[in-house]
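Here are some exercises to work through with the model open in your viewer. Try each task yourself before reading the solution under it.

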Amino acid sequence: VLFQIFDAFKSRLHDSNSKVSQVALETMHKMVPLLKDNLSPVINMLIPAIVDNNLNSKNPGVYAAATNVIEALCQYLGSYLLLQPFCTKAQFLNGKAKQDMTEKLA
């Protein structure tokens with residue numbers, strides 16, 4: 001069930017409408033403390049959806065919301081769950097997103 005929910009939610013994180021993406025990110029930020037390590041089965045699906053377009057967004061609201069979700073993940077999930085997906089993203093991103101992910105890894 002968790003996969004079905006987040007598979008549908010993932011497309012909102014990738015939405016071309018920045019307002020939809022921002023609300024989805026803000027909602028994700030609220031969900032992370034509630035779900036914590038229960039997110040582990042879907043973390044490899046969520047990290048790219050959160051990071052790919054949103055950390056390089058020129059929209060300050062989207063960028064801030066994405067940064068807040070990454071902060072929440074770092075705070076509430078075990079670093080062992082985040083290390084591999086963060087490394088993968090940092091390796092293939094560019095611009096500000098690459099810098100942000102590299103700082104999180106450090």
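**Exercise 1.** Find out which helix Ile43 lies in, and which residues Ile43 touches beyond those up to four places away in sequence.

*Solution.* This is a predicted model, so keep that in mind throughout.
- Start with the location: Ile43 is part of helix α3.
- Next, check accessibility. The relative accessible area of Ile43 is 2%, so the residue is buried.
- Now list the neighbours, skipping residues up to four places away in sequence: Ile43 touches Pro48, Leu73, Leu77, Leu81 and Leu82.
- As a distance check, take the C-alpha atoms of Ile43 and Val62: they are 19 residues apart along the chain and separated by 20 Å.

**Exercise 2.** Decide whether helix α3 as a whole is largely enclosed by the rest of the structure, and name the helices its buried residues pack against.

*Solution.*
- Count along residues 43-51: 7 of the 9 residues are buried, so α3 is largely enclosed by the rest of the structure.
- Put names to them: the buried ones are Ile43, Met45, Leu46, Ile47, Ala49, Ile50 and Val51.
- Then look at what surrounds them. The buried residues of α3 pack against α1 (2-13), α2 (18-35), α4 (60-76), α5 (79-92) and α6 (95-105).

**Exercise 3.** Describe how α3 and α4 pack, and work out how the residues of their contact divide by class.

*Solution.*
- Two packed helices are described by the angle between their axes and the distance between the axes.
- Here α3 and α4 sit with their axes 10 Å apart, at an angle of about 150 degrees.
- The cut-off for roughly antiparallel is over 145 degrees, so α3 is roughly antiparallel to α4.
- The crossing of these two helices, α3 and α4, is left-handed.
- From α3, the contact uses Ile43, Ile47, Ile50 and Val51; from α4, it uses Ala66, Val69, Ile70 and Leu73.
- Sorting the residues of the contact of α3 with α4 gives 8 nonpolar, no polar and no charged.
- One bit of background for reading such a list: an α-helix has 3.6 residues a turn, so residues three or four places apart point the same way.

**Exercise 4.** Do the same for α2 and α4: at what angle do they pack, and which residues meet?

*Solution.*
- The axes of α2 and α4 are 9 Å apart, and the angle is about 20 degrees.
- That angle makes α2 roughly parallel to α4.
- The handedness of the α2 and α4 crossing is left-handed.
- On the α2 side you should have Ser18, Gln22, Leu25, Glu26, Met28, His29, Val32 and Pro33; they meet Gly61, Val62, Ala65, Ala66, Asn68, Val69, Ala72, Leu73 and Tyr76 in α4.
- By class, the α2 and α4 contact comes out as 11 nonpolar, 5 polar and 1 charged residues.

**Exercise 5.** Now try α1 and α2: at what angle do their axes cross, and which residues make the contact?

*Solution.*
- The axes of α1 and α2 cross at roughly 135 degrees and come within 8 Å.
- That crossing angle makes α1 oblique to α2.
- α1 brings Phe6, Phe9, Arg12 and Leu13 to the contact, while α2 brings Val20, Ser21, Ala24, Leu25, Thr27, Met28, Met31 and Leu35.
- The class count for α1 with α2 is 9 nonpolar, 2 polar and 1 charged residues.

**Exercise 6.** Is Lys89 buried or exposed, and is Asn54 buried or exposed?

*Solution.*
- Lys89 belongs to helix α5. The cut-off for buried is under 20% relative accessible area, so Lys89, at 13%, counts as buried.
- Leaving out residues up to four places away in sequence, Lys89 touches Ile47, Pro48, Val51, Asp52 and Met101.
- Asn54 sits in the loop between α3 and α4. With a relative accessible area of 3%, Asn54 is buried too.
- With the same sequence neighbours left out, Asn54 touches Leu13, Ser21, Leu25, Ala49, Val62, Tyr63 and Ala66.

**Exercise 7.** Look at the loop between α2 and α3, and say what phi is for Lys36.

*Solution.*
- Lys36 is in that loop, and its phi is near 45 degrees, a positive value in a residue other than glycine.
- Lys36 has a relative accessible area of 40%, which means it is partly exposed.

**Exercise 8.** How many disulfides are there in the whole structure?

*Solution.*
- A search of the whole structure turns up 0 disulfides.
- Take Cys74: the nearest cysteine sulfur is that of Cys87, 12 Å away. A disulfide needs the sulfur atoms within 2.5 Å.
- Cys74 is partly exposed, at 32% relative accessibility, and Cys87 is partly exposed at 36%.

How values were computed
Residues are numbered from 1 along each chain as its sequence is written. This is a predicted model: local features need pLDDT of at least 70, side-chain atom pairs count only at pLDDT 80 or more; totals for chains, interfaces and linings use all residues. Side-chain values use heavy atoms; hydrogens and water are left out. Buried means under 20% relative accessible area, exposed over 50%, partly exposed in between (1.4 Å probe, protein chains only). Helices (H or I, at least four residues) and strands (E, at least two) are DSSP runs, numbered from the N terminus. Contact means heavy atoms within 4.5 Å. Axes are lines fitted to C-alpha atoms, for helices over the stretch in contact, and angles run from 0 to 180 degrees between N-to-C directions. Angles under 35 degrees count as roughly parallel, over 145 as roughly antiparallel, 65 to 115 as roughly perpendicular and the rest as oblique. A crossing is left-handed if the near helix is turned anticlockwise from the far one by less than a right angle, and right-handed if clockwise. Ala, Val, Leu, Ile, Met, Phe, Trp, Tyr, Cys and Pro count as nonpolar, Asp, Glu, Lys and Arg as charged, and the others, Gly among them, as polar.
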